[in-house]
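Here are my notes on this model, set out as numbered points. I would suggest reading them with the structure open alongside.

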Amino acid sequence: MEDRQSASKIVVTGQWPEYAEAHLGFRNYWYPAMASSSLGKRPQAVKLLGEDVVLVRDNGRAYALNDRCPHRGVPLSMGRRQFPGTISCAYHGWTYDLKDGNLVAALTDGPDSPICGKRSVRIAAYPVEERAGLIWVYIGDAPAPPIEEDVPEELLKAGTVPMVMVETRKGNWRYGMENAVDEAHAKYLHRRTPFYFFSKFPVYSTDVRMEVAEDGKWLVRTGKQVFDSQTYGELGSWPGREWWRVGGGVSTFAARLPAIFRISHKTWSDYQFFVPVDEHHHLAVMVSAKWPSRLGKAWWKLYYHAYVRPFHHIMLNRWEDDRMVSMMSIPPEKLFRPDISVTTWRKWSSETARRTPEAPATSKP
Amino acid sequence: MEDRQSASKIVVTGQWPEYAEAHLGFRNYWYPAMASSSLGKRPQAVKLLGEDVVLVRDNGRAYALNDRCPHRGVPLSMGRRQFPGTISCAYHGWTYDLKDGNLVAALTDGPDSPICGKRSVRIAAYPVEERAGLIWVYIGDAPAPPIEEDVPEELLKAGTVPMVMVETRKGNWRYGMENAVDEAHAKYLHRRTPFYFFSKFPVYSTDVRMEVAEDGKWLVRTGKQVFDSQTYGELGSWPGREWWRVGGGVSTFAARLPAIFRISHKTWSDYQFFVPVDEHHHLAVMVSAKWPSRLGKAWWKLYYHAYVRPFHHIMLNRWEDDRMVSMMSIPPEKLFRPDISVTTWRKWSSETARRTPEAPATSKP
Amino acid sequence: MEDRQSASKIVVTGQWPEYAEAHLGFRNYWYPAMASSSLGKRPQAVKLLGEDVVLVRDNGRAYALNDRCPHRGVPLSMGRRQFPGTISCAYHGWTYDLKDGNLVAALTDGPDSPICGKRSVRIAAYPVEERAGLIWVYIGDAPAPPIEEDVPEELLKAGTVPMVMVETRKGNWRYGMENAVDEAHAKYLHRRTPFYFFSKFPVYSTDVRMEVAEDGKWLVRTGKQVFDSQTYGELGSWPGREWWRVGGGVSTFAARLPAIFRISHKTWSDYQFFVPVDEHHHLAVMVSAKWPSRLGKAWWKLYYHAYVRPFHHIMLNRWEDDRMVSMMSIPPEKLFRPDISVTTWRKWSSETARRTPEAPATSKP
């Protein structure tokens, strides 16, 4: 008990300016932007960390450019695919190379248009990669590290079968991420959720900690769970005897920069990415991954579509979690002991997030 | 005529700062918040004078708390009724005593949670009473006076049968209240309204006054009504001969702080409360009250539902009055003689409204 | 080619403050406000150059007043037509002379109301004329010039059969007007539009110019059109061979202050007025005019309704042009050679637009 009291002290000390100012997220990371299966030849607009991005697939490869034609400010995502390897603005046919954003033709000014190739009309091109069923875009000011630095290693393993769901949700990305990291809320908010209805479900935890894993990348949540119904003074007892809970299952929870949360189940893992969109919205990218045998693959897909997606990602995450996240209004806030999970995440991410170099070259990669 | 001219002088003299600044209403009064019949065990959110309030009924009694859990800023009105006499935040099960807003349990931190009972997490509790079919909430900084100070005495009489209608309307509360107090508009705006269609209806009034009643609480409107059709120079005459108007009925009109208007009919009274919500909305609380015999009670209810509610509160108040109130755009304004009713109300309410004490203790009761 | 390069220099020189600041348009001009056929006895509200205007027809003539009763700020367009030649505010029956905006009666204050005729409650009356099937309103601070100064002369000719379409569109009026003036966009954006599908269609132009016409009122666009498919380096050729284009038709394009664009076809003319509404909307007033024989009149009307309106004004102007205009986001912008059309328009309109006199008398006519 001494232990818990001291934890509660950390909660109220210090503020972390990098985290506090990251309204649009931590820059200089690879972020998942959409499901690979959703991207075809047709341009798609997404907003990431406040930047408008147009994604497009060409000859099998994914590309990303800043979604604004510098001529008259029309979104390139309204444009056409006039020639292979390019995108043309719908308005005047300014045509950009998908690889580097260079203006390679201004169709309505003829082949000799002197504006072609000028640096002043070059569009920012974002580094793009595809891994684990997702399109990843690097948003930052420093040169991009290898994609393997930022995709959870488990998702890069051979035989991974990732099942993906992406949706825009209300609330700053930090509210979404903190809700995931938050140790205590599940015990009350999700107590009757169908996904866990038959599972043994803790009432509260003691000795909550977030500890850095060996690889230095994950912050793993630990604590001692209490499962018995408790008596709260004169109020009565809660949650009463829940005789119908027979299932078990020890899940572990971990967080990682820039905005990744992982729930490790016995045979599969659930990843949630809280990708910043603007100050009041985030993209919830949910990936359930398993490494099944050839026979198990069809079963896993069925299990995902019939159970994980509707019960966990829709009922639990959208209807319960995001209902809270979208109504949250902090600061001010008053924290209690289990919030050590939230404050440790804030402190650690604030201290270890990649920094933007002092004098950025041209602000876009 | 001398008389009217002088009235017109008052109109243009002076401004009343207390009134001018009361965008969110006069504090330190009891306000009706909803119909008693609408409040049950389930929490209800209302906004009063810019403050978010959650109302709830427990063991027959009504309670009101500030509608924000200080933990993570989620509205308590989304919460559950976990134990008698309390409300629990839906997010983490922080449980508050309805009587005083004290945190009596933080369910997901176990029974020994050290945060319980701390003053810093106590929620403001509002004084609540029920009278005349309404839930009354005291909003203010000074200690609440007895409810009887603020509920019109007539509504407190034994045998009162109040019929209640409540709806949120557009427009600052002062626009709504001034429209009620406004002497002249009825003669034009409501001239063809079904509610008064067969009643003798004045064309204009002279010697309009608002005079303080003996009890010092009501401002009663007086004036000499002119009923004959008038000739307006070369324009023609108005309103012409209205031979179908055969009904009579002398109604009297009176206003009272903080935002109450009363129309006294021969056998019943109509009360309208213009409760401030935010700068651009008010709650229109309409109470029609009669003191019928046992036999007359059913007839009164029928009369209200078949006539008063649809013809007065919906057609006349909502479709005619509030159509104007929601489009009003003042200042600037240019007033004419009958507006002495409005300016007297402004001056009197500005001068006599309860003041907030100089150094409020903690800003909430 | 020398020629074109020099044109491109003009593009990037200088900024024109009058144009840059005309967010709500150029004042001191006659603007078309609605179709004559749409205006009857019933008051109609329009917003022109940021000013609220109520239009009404009385005894065959159109009138326009500022759409705000100075009493309590309610729009006069909600009012009634109580007496000939007047409009009465719906709220208290303040009655205004349509000719000059004088308060001629305050019905609910009786015939002797001293406020009548006072200058302080007089409403601004706008000069109004009807020409070419449109209601024209003068918005300005200087005295209005004759309407003939501002209505294109062609539309004033005897035998004109004007066909009118009016709709509010998104985007500042300058975006709409610049899109019309813009030389290059049609070649790409409208390349497949049904209206021009079978017409020979240029690929680009050289030597683009906007030259002032003899009357000093019109800025006429010239240039040498190139019709052959072009090869754009390694990208490929565009637009390919368009064998189905057999129609011809030389149209000429011209712009005029305050916001008029004209397309002269062989036998008829298309006028587009980009009337400023507020900073983010404009009124697109489109008038197709022909001077047919008696027999040709019915055919012209059929041609307009079956072809010009659906294919040009709806598909081409609304679905293609305004889709771009509503998404445009400038400054910043980066211009190319054909934009000499846009910059010449900016410069010329900035330099020659009527000025508001230094010390305006009462700001409204």
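1. In chain C, strands β3(C) and β4 (residues 61-66) run antiparallel and are joined by six bridges. As this is a predicted model, that pairing, like everything that follows, is computed from predicted coordinates. Within the pair, R57(C) has A62(C) of β4(C) as its bridge partner. The hairpin that links β3(C) to β4(C) has two residues between the strands, and in it N59(C) adopts a positive phi near 50°.

2. On its other listed pairing, β3(C) is antiparallel to strand β2 (residues 44-48) of chain C, and five bridges hold these two strands in register. Here L48(C) is found opposite E51(C) of β3(C). The hairpin of β2(C) and β3(C) has two residues between the strands, with L49(C) taking a positive phi near 50°.3. Is strand β3 (residues 51-58) of chain C enclosed by the rest of the structure or open to its surroundings? Six of its eight residues are buried, so β3(C) is largely enclosed by the rest of the structure.

4. Helix α4 (residues 173-181) of chain C is also worth inspecting. Nine of its nine residues are buried, so α4(C) is largely enclosed by the rest of the structure. The buried residues of α4(C) include the aromatic-named positions W173(C) and Y175(C), together with R174(C) and E178(C). G176(C), M177(C), N179(C), A180(C) and V181(C) in α4(C) are likewise buried.

5. Turning to a single chain, chain A contains seven helices and 19 strands. Its radius of gyration is 23 Å, close to the 21 Å that the globule rule gives for 365 residues, so chain A is as compact as a globular protein of that length. The C-alpha trace of chain A spans about 85 × 50 × 35 Å along its principal axes. Of the 365 residues in chain A, 44% are buried. When contacts in chain A between residues at least 6 apart in sequence are considered, 59% of them join residues at least 24 apart.

6. How is chain A divided into domains? Domain 1 of chain A comprises 2-14 + 158-352, while domain 2 covers 29-139. The C-alpha centres of domain 1 and domain 2 of chain A lie 36 Å apart. The contact between them takes 14 residues from domain 1 of chain A and 12 residues from domain 2 of chain A.

7. On the side of domain 1 of chain A that touches domain 2 of chain A, the elements giving two or more residues are β11 (161-170), β18 (268-278) and β19 (281-290) of chain A. The largest share of that side, five residues, is contributed by β18(A). By class, the residues of this side of domain 1 of chain A divide into 12 nonpolar, one polar and one charged.

8. Between chains, the contact of chain B with chain A takes 29 residues from chain B and 26 residues from chain A. On the side of chain B that touches chain A, the largest share, three residues, comes from strand β7 (residues 103-106) of chain B. That side of chain B has 15 nonpolar, 11 polar and three charged residues.

9. The contact of chain C with chain B takes 29 residues from chain C and 26 residues from chain B. Strand β7 (residues 103-106) of chain C gives the largest share, three residues, to the side of chain C that touches chain B. The class composition of that side of chain C is 15 nonpolar, 11 polar and three charged residues.

10. What rotation superposes chain C on chain B? A rotation of 120°, with 0.1 Å of shift along its axis, does so with an RMSD of 0.0 Å. The two copies are thus related as by a three-fold rotation axis. In chain C, the C-alpha nearest that axis belongs to H280(C), which lies 14 Å from the axis.

11. A last local point concerns G240(B), which is located in the loop between β15 (236-238) and β16 (252-256) of chain B. Is G240(B) buried or exposed? With 8 C-beta neighbours inside 10 Å, G240(B) counts as exposed, because 12 or fewer such neighbours is the cut-off for that class. The C-alpha atoms of G240(B) and D228(B) are separated by 8.5 Å, and the two residues are 12 residues apart along the chain.

Note on methods. Residues are numbered from 1 along each chain as its sequence is written. Chains are lettered from A and ligands numbered from 1 in the order in which they are written. This is a predicted model: local features need pLDDT of at least 70, side-chain atom pairs count only at pLDDT 80 or more; totals for chains, interfaces and linings use all residues. Domain bounds come from an automatic or database domain assignment. Two residues are in contact if their C-beta atoms, placed from the backbone, lie within 7 Å. Helices (H or I, at least four residues) and strands (E, at least two) are DSSP runs, numbered from the N terminus. Ala, Val, Leu, Ile, Met, Phe, Trp, Tyr, Cys and Pro count as nonpolar, Asp, Glu, Lys and Arg as charged, and the others, Gly among them, as polar. A residue is buried if 20 or more other C-beta atoms lie within 10 Å of its own, exposed if 12 or fewer, and partly exposed in between; C-beta atoms are placed from the backbone. Copies are superposed by least squares on the C-alpha atoms of residues with pLDDT of at least 70 in both. Two strands pair if DSSP finds at least two bridges between them. The radius of gyration is taken over C-alpha atoms; the globule rule is 2.2 Å times the number of residues to the power 0.38.
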